[in-house]
Amino acid sequence: MRFGITGIVLSTLLLAACAPDNTASAPKGLQAAVNNDTGGSAKGDLGPPQGEPVHAILTSPPEVPPATGRSVPAKVIVELEVQEKELEISEGARYTFWTFGGTVPGSFIRVRQGDTVEFHLKNHPDSKMPHNIDLHGVTGPGGGAASSFTAPGHESQFTFKALNHGLFVYHCATAPVGMHIANGMYGLILVEPPEGLPPVDHEFYVMQGDFYTVGKYRQKGLQAFDMQKAIDENPTYVLFNGSEGALINEKALKAKTGQTIRMYVGNGGPNLVSSFHVIGEIFDRVWYEGGTHYQENVQTTLIPSGGAMMADFRVEVPGSYVLVDHSIFRAFNKGALAILKVDGEENKAIYSGKEVDSVYLGDKAANLASVGEARSAEVSGNLTLEQQIAAGKAHFNGTCSVCHQDNGAGIPGIFPPLAKSDFIAKDPEQAIHIVLNGLAGKITVNGKEYDSVMPPMSQLNNDEVANILTYVFNSWGNKDGRVSADQVAKIRAETPRAEGAAH
């Protein structure tokens with residue numbers, strides 16, 4: 001049978017009439033999504049810029065620029081400078097970061113959908129490398145990278161139309177791309193929808209990154225980039241906002257009970273996917289992957305490398321809320337920890353009371369000023385016993401006190417006491433072996449038998465072990481004693497251990 005054009009058209013119309021109406025028969029929530037599709041570059045206010053040009057307000061993390069507050073698109077001028085800076089990555093450990101705006105992550109950029117963005121990228125004259133910028137919020141080859149290749153002491157300029165609203169990552173894309181990103185060259189650009197975002201009491205900017213150093217975790221001194229570790233995807237550090245101390249203690253994020261919070265969270269990578277979680281909170285809404293639609297009542301959300309998300313929630317009770325990558329060894333052994341400190345009245349109808357955060361934070365909960373003082377004194381050869389004890393106390397209270405207690409009493413029948421311990425008094429050097437290699441099986445301490453397990457704490461570096469044991473030997477009625485970092489290093493070197501089993 002032959003069909004002419006008329007027959008084909010008629011058949012198509014009949015099939016369409018018989019086909020089920022998927023939109024009408026879809027669940028109500030799906031219907032709403034279909035009928036209220038707000039995504040896509042064709043949905044924006046994409047006319048020409050109106051009014052005088054606007055200079056974008058850029059902020060350093062964890063601060064976020066104010067909402068644009070505009071009802072029409074504008075020409076927005078963004079000026080961003082690349083700086084290569086030596087900064088602290090962990091207490092006593094430094095690293096040469098490559099940055100956008102002098103911070104890791106780089107400056108937060110905020111524009112409105114439909115804006116025409118005139119982008120100026122400067123590369124500081126002291127830089128050693130050329131750099132560029134690839135903004136995931138740009139429609140065009142390379143996201144701006146080819147147009148922004150900038151040598152030290154030079155400036156590049158290009159213009160783009162912000163077609164899609166959402167939260168987007170930007171990063172350097174100069175070869176070797178992975179190395180530039182791994183050195184901290186990433187940040188976020190928020191393209192607001194035309195109607196803006198719902199108001200909240202606080203907005204915070206947090207970005208995860210994985211770092212690859214030749215030295216081991218928390219090894220002191222200036223650390224170099226390790227390309228092989230990066231290729232193997234085996235980071236030394238996984239961090240929020242570029243350092244272990246970026247968002248804890250006096251730098252913690254702060255809010256009050258009853259307030260609403262929006263977190264703009266990115267993942268610069270360059271390698272790892274983030275399992276972002278706030279211990280003790282549930283996200284009311286998560287704009288997953290930084291896009292248009294949100295999921296509700298979320299516990300943990302995935303953020304791909306080179307991706308982002310927005311999360312809104314309300315804080316109900318006071319306390320310290322710990323931000324982690326829930327790939328949990330990254331949190332406690334590579335540094336992916338931050339704190340949201342909430343003050344206000346307790347609400348025991350919701351939660352029985354405030355709990356301490358030392359179990360989660362470890363030694364990060366301590367004031368580590370004494371540690372830095374001891375390290376400086378050791379470098380100069382003037383480390384006193386008192387300085388070593390003070391540094392050891394800071395690390396003990398975050399690392400050992402959960403089991404052995406702040407007063408060294410241990411837990412009866414479970415963990416032996418360190419206070420007035422005849423066990424450690426017999427052979428002080430044995431304590432170094434136990435800290436580095438662990439201890440299992442029955443032992444007798446002060447006439448009582450214990451049968452528990454102490455895991456090896458070989459992730460501690462030599463001066464941390466030395467200071468902790470010196471503090472123990474000079475506390476709670478123990479005999480005087482002192483351990484040096486050289487003693488710990490000698491015993492560590494003599495200890496047979498499978499390659500990769502410990503730091």
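The exercises below work through a predicted model of one chain, each followed by a stepwise solution. Residues are numbered from 1 along each chain as its sequence is written, and side-chain values use heavy atoms, with hydrogens and water left out. Because the model is predicted, local features need pLDDT of at least 70 and side-chain atom pairs count only at pLDDT 80 or more, while totals for chains, interfaces and linings use all residues.

**Exercise 1. Describe the chain as a whole.**

Step 1. The secondary structure comes to 14 helices and 23 strands, where helices (H or I, at least four residues) and strands (E, at least two) are DSSP runs numbered from the N terminus.

Step 2. Of the 503 residues in the chain, 48% are buried; buried means under 20% relative accessible area, exposed over 50%, and partly exposed in between, with a 1.4 Å probe and protein chains only.

Step 3. Among contacts (heavy atoms within 4.5 Å) between residues at least 6 apart in sequence, 69% join residues at least 24 apart.

**Exercise 2. Find which residues of helix α12 are buried, and what covers them.**

Step 1. Helix α12 spans residues 428–437, and its buried residues include A431, I432, I434, V435 and L436.

Step 2. An α-helix has 3.6 residues a turn, so residues three or four places apart point the same way.

Step 3. The cover over the buried residues of α12 includes α11 (422–426), β22 (439–445), β23 (448–454), α13 (462–473) and α14 (485–494).

Step 4. Just after α12, G438 takes a positive phi of about 80°.

**Exercise 3. Place F276 in its surroundings.**

Step 1. The largest nonpolar core has 29 residues, and F276 is listed with M263, L323 and L340 as having the most contacts inside it; such a core is a set of buried Ala, Val, Leu, Ile, Met, Phe, Trp, Tyr and Cys residues joined through side-chain atoms within 4.5 Å.

Step 2. Leaving aside residues up to four places away in sequence, F276 touches several residues, among them F240, M263, F283 and L323.

Step 3. F276 also belongs to one aromatic cluster with F240, F283 and F313; rings of Phe, Tyr and Trp (its six-membered ring) pair if their centres lie within 6.5 Å, with planes under 30 degrees apart counted as stacked, over 60 as edge-to-face and the rest as tilted.

**Exercise 4. Explain why the pair of F108 and Y205 is classed as edge-to-face, and locate both residues.**

Step 1. The ring centres of F108 and Y205 are 4.9 Å apart and the planes stand at 80°, so the pair is edge-to-face.

Step 2. This pair links distant parts of the chain, since F108 lies in the loop between β3 and β4 (109–112) and Y205 in strand β10, 97 residues apart.

Step 3. Both F108 and Y205 are buried.

**Exercise 5. Trace the salt bridge between R285 and D312.**

Step 1. The structure holds 15 salt bridges, each a side-chain nitrogen of Lys or Arg within 4 Å of a carboxyl oxygen of Asp or Glu.

Step 2. The side chains of R285 and D312 meet in one of them, at 3.8 Å from N to O. The two residues join distant parts of the chain, with R285 in strand β16 (residues 283–287) and D312 in strand β19 (residues 307–314), 27 residues apart.

Step 3. R285 counts as partly exposed because its relative accessibility is 28%, whereas D312 is buried, with a relative accessible area of 2%.

Step 4. R285 and D312 are also linked with R110, E192, E203 and R262 in a network of salt bridges.
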